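User: I am new to reading protein models and would like to work through one slowly. Could you take my questions in turn and show the reasoning behind each reply?

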Amino acid sequence: MTPERNIKIIPAGNDERARSLIALIDNLIAIVNEENVELAKGLPASRLKQVDEKHRLATLFEQCVAEAVGKTANLNVQDRVLREQLMDRILKLRMAMDENVMRLRAAIDASNRRIEAIMQAIREQIANVSPYGAGGRRVTPAMSYGTNVRA
């Protein structure tokens with residue numbers, strides 16, 4: 001008598017699930033690459049049109065990964081070529097996302113520099129108009145404007 005083995009029956013849908021995951025990853029890579037091109041042009045991150053679509057696709061991808069990790073979905077791909085394609089897409093997605101993080105950080109830094117330059121200009125303008133210095137003392141002599149009006 002041979003010992004019982006824990007054999008999993010893999011449904012035929014796994015290859016199809018892998019293909020749809022590859023398509024999802026391809027779409028996500030395309031959106032992230034578009035965003036990276038826009039960020040490379042120096043556009044502020046807040047003005048990018050890809051943000052909503054990237055978020056939607058990333059949420060779908062996150063759900064697929066969560067299902068696979070939580071074992072509610074089985075992603076054992078039998079086809080070696082398909083499995084290699086899936087792994088290749090995951091690596092490409094990771095590289096695109098790494099570049100995206102780097103470019104988003106640069107865009108945030110650039111936005112912060114713009115804000116600081118504007119705030120500095122405002123501070124200088126206020127300082128040039130104000131009769132008081134940084135220490136609270138009057139910088140310009142007090143002027144008296146009187147009228148010679150008798151009642």
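Analyst: What follows is a set of questions and answers on this predicted model, beginning with confidence and then moving from the core to the surface.

User: Which helix has the highest confidence, and which the lowest?
Analyst: As background, the mean pLDDT of the protein is 79, and 76% of its residues reach 70 or more. Among the elements, confidence is lowest in α2, at a mean of 86, and highest in α3, at 90. The helix with the highest confidence is therefore α3, and the one with the lowest is α2.

User: Over which residues is the pLDDT below 50?
Analyst: Where pLDDT is low, the predicted coordinates should not be read in detail. The stretch in question has 3 contacts in the model beyond near neighbours in sequence. The pLDDT is below 50 over residues 1-12.

User: Which element gives the largest share of the largest nonpolar core?
Analyst: This core has 16 residues, and L21, I25, L28, F61 and L93 are the ones that touch the most other members. Two or more residues come from each of α1 (13-40), α2 (51-69) and α3 (80-129). The largest share, 9 residues, is given by α1.

User: Is L93 buried or exposed?
Analyst: L93 is placed in helix α3, and, not counting residues up to four places away in sequence, L93 touches I25, L28, I29 and F61. In soluble globular proteins, nonpolar side chains tend to be buried together. Because a relative accessible area under 20% counts as buried, and L93 has 6%, the answer for L93 is buried.

User: How far apart in space are L93 and L28, C-alpha to C-alpha?
Analyst: In sequence, L93 and L28 are 65 residues apart. L28 is nevertheless among the residues that L93 touches. From C-alpha to C-alpha, the distance in space between L93 and L28 is 7.5 Å.

User: Which residues is Q50 in contact with, leaving aside its neighbours within four places in sequence?
Analyst: Q50 has its place in the loop between α1 and α2, and at 3% relative accessibility Q50 counts as buried. Leaving aside neighbours within four places in sequence, the contacts of Q50 are I31, E34, E35 and E38.

User: Of K41 and E38, which residue is exposed and which is buried?
Analyst: The side chains of K41 and E38 meet in a salt bridge, at 3.7 Å from N to O. The relative accessible area is 60% for K41 and 17% for E38. Since exposed means over 50% and buried under 20%, the exposed residue is K41 and the buried residue is E38.

User: What is the distance between the closest N and O atoms in the salt bridge of R80 with E84?
Analyst: A search of the whole structure finds 9 salt bridges, one of which joins R80 and E84. Both residues lie in helix α3, 4 residues apart, about one turn of the helix. The closest N and O atoms of R80 and E84 are apart by 2.8 Å.

User: Which residues make the nonpolar surface patch of about 460 Å²?
Analyst: One member to look at is I118, which lies in helix α3. I118 has a relative accessible area of 52%, and because exposed means over 50%, I118 counts as exposed. The nonpolar surface patch of about 460 Å² is made by I115, I118, M119, I122 and I126.

Terms used. Residues are numbered from 1 along each chain as its sequence is written. This is a predicted model: local features need pLDDT of at least 70, side-chain atom pairs count only at pLDDT 80 or more; totals for chains, interfaces and linings use all residues. Side-chain values use heavy atoms; hydrogens and water are left out. A nonpolar core is a set of buried Ala, Val, Leu, Ile, Met, Phe, Trp, Tyr and Cys residues joined through side-chain atoms within 4.5 Å. Buried means under 20% relative accessible area, exposed over 50%, partly exposed in between (1.4 Å probe, protein chains only). Patches are made of residues with over 30% relative accessible area and no salt bridge: like charges are joined within 9 Å, nonpolar side chains (Val, Leu, Ile, Met, Phe, Trp, Tyr) within 5 Å. Accessible areas come from the Shrake-Rupley method with a 1.4 Å probe; for residues, only the protein chains shown count as cover. A salt bridge is a side-chain nitrogen of Lys or Arg within 4 Å of a carboxyl oxygen of Asp or Glu. Contact means heavy atoms within 4.5 Å. pLDDT is the predictor's confidence in each residue, from 0 to 100.
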